[in-house]
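The paragraphs below go through one structure, from its contacts and cores to its overall dimensions. Please keep the sequence and the 3D view at hand while reading.

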Amino acid sequence: MRLGYSKAAMASGIALFGGTFDPIHHGHLIAARAVVEQLDYERAVFIPAPNPPHKVGQGLTDAADRLEMARLAVAGEPRFDVSDIEIRRCGLSYTILTVQAYRDTVAPAVPLAWIVGSDSLPELHTWYRVADLVELCRIVTAARPGYEPSDLTALQSRLSDPQIERLRRDILTTPRIDISSTDVRRRVHQGLSIRYLVPDAVADHIQSRGLYR
Ligand code: ATP
């Protein structure tokens with residue numbers, strides 16, 4: 001199983017970025033770069049989920065294709081890596097299990113963060129063992145146009161006020177990139193160009209594998 005970092009090279013923190021990445025796009029990549037730069041972390045690791053609890057039954061593209069597209073997208077970028085840790089694990093992709101696996105492997109002094117887009121933050125109370133998760137790592141929120149996560153009251157059902165305050169402090173000012181995987185899939189389906197929305201190597205993979213038609 002690849003966790004996506006070299007123990008020896010790891011000086012500072014690791015920002016884990018989970019998602020379906022169906023496909024990975026420049027919104028993901030720009031958000032991850034902004035997070036590692038702002039936190040001054042060693043790297044971001046993209047972790048495609050085979051089976052996220054909130055997307056069960058949505059007919060995701062084969063996990064092997066999503067993993068390959070993520071690898072193509074980060075190729076040559078020293079601060080980015082991809083891990084297949086969730087794809088290799090059976091069952092639903094619970095974030096806490098993934099973060100725990102990293103916590104068990106890296107030195108205790110290495111900070112860990114989990115990146116979410118601002119559309120995901122207000123939904124955090126629906127996540128499995130979220131109170132434990134926010135104790136295990138920082139949850140760092142990247143900006144996403146159309147989603148201003150100012151109202152976090154729903155989180156009070158599962159998280160304490162200090163925990164919510166920490167989440168609020170970790171809402172970062174990152175570039176607002178209005179790209180979604182849904183839109184990329186729709187454009188391919190309609191025969192429109194996806195150039196500038198995804199890396200060229202990802203667009204080539206989509207074309208050669210006939211995805212999203
Ligand atoms: P879909 O349109 O299929 O729902 P998506 O574009 O939202 O996909 P996901 O793979 O579901 O992409 O997202 C993984 C994570 O990346 C989520 O936390 C999501 O909020 C975040 N994210 C996705 N797109 C962006 C973006 N343009 N800017 C910032 N964060 C993003």
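Contact here means heavy atoms within 4.5 Å. The model is a predicted one. Take Ile 206 as the starting point: once its neighbours within four places in sequence are set aside, Ile 206 is in contact with Pro 23, Met 69, Val 188, Ile 194, Leu 211 and Tyr 212.

Ile 206 also belongs to the largest nonpolar core, which has 34 residues. Within this core, Ile 206 is one of the four residues that touch the most other members, together with Ile 24, Phe 46 and Ile 194. Two or more residues of the core come from each of the strands β1 (14-19), β2 (43-48), β3 (80-82) and β4 (112-117). The helices that do likewise are α1 (26-39), α2 (63-74), α7 (181-189) and α8 (200-209). A second core, separate from this one, has 26 residues, among them Val 106, Leu 112, Val 116 and Leu 159. In soluble globular proteins, nonpolar side chains tend to be buried together.

Two further residues can be set beside this picture. Val 198 sits in the loop between α7 and α8. Its relative accessibility is 1%, so Val 198 counts as buried. Leaving out residues up to four places away in sequence, Val 198 touches Pro 23, Ile 24, His 25, His 26, Val 184 and Ala 203. Val 198 and Ile 24 are 174 residues apart along the chain, yet 7.0 Å separates their C-alpha atoms.

Asp 204 is placed in helix α8. Is this residue buried or partly exposed? Asp 204 counts as partly exposed because its relative accessibility is 48%. From C-alpha to C-alpha, Asp 204 lies 9.5 Å from Met 69, a residue 135 positions away in sequence.

For the chain as a whole, the secondary structure consists of eight helices and five strands. Read from the N terminus, their order is β-α-β-α-β-α-α-β-α-β-α-α-α. Among contacts between residues at least 6 apart in sequence, 77% join residues at least 24 apart.

The overall dimensions come last. A compact globule of 213 residues would have a radius of gyration near 17 Å, and the protein chain agrees because its own value is 17 Å. The C-alpha trace spans about 50 × 40 × 35 Å along its principal axes. Of the 213 residues, 49% count as buried. The chain exposes about 10,300 Å², of which carbon and sulfur atoms supply 49%. There are 25 positive and 25 negative side chains, and the centres of these two sets are 2 Å apart.

Terms used: Residues numbered from 1 in each chain as written. Predicted model: local features only at pLDDT ≥ 70, side-chain atom pairs only at ≥ 80, totals over all residues. Heavy atoms only, no water. Core = buried A, V, L, I, M, F, W, Y, C linked by side-chain atoms within 4.5 Å. Buried < 20%, exposed > 50% of the residue type's maximum accessible area, 1.4 Å probe, protein only. Helix = DSSP H or I, 4+ residues; strand = E, 2+ residues; numbered from the N terminus. Rg over C-alpha atoms; globule rule 2.2 N^0.38 Å. Areas by Shrake-Rupley, 256 points an atom, 1.4 Å probe, with all protein chains shown as cover. Lys, Arg positive; Asp, Glu negative; His and termini not counted. Charge placed at Lys NZ, Arg CZ, Asp CG, Glu CD.
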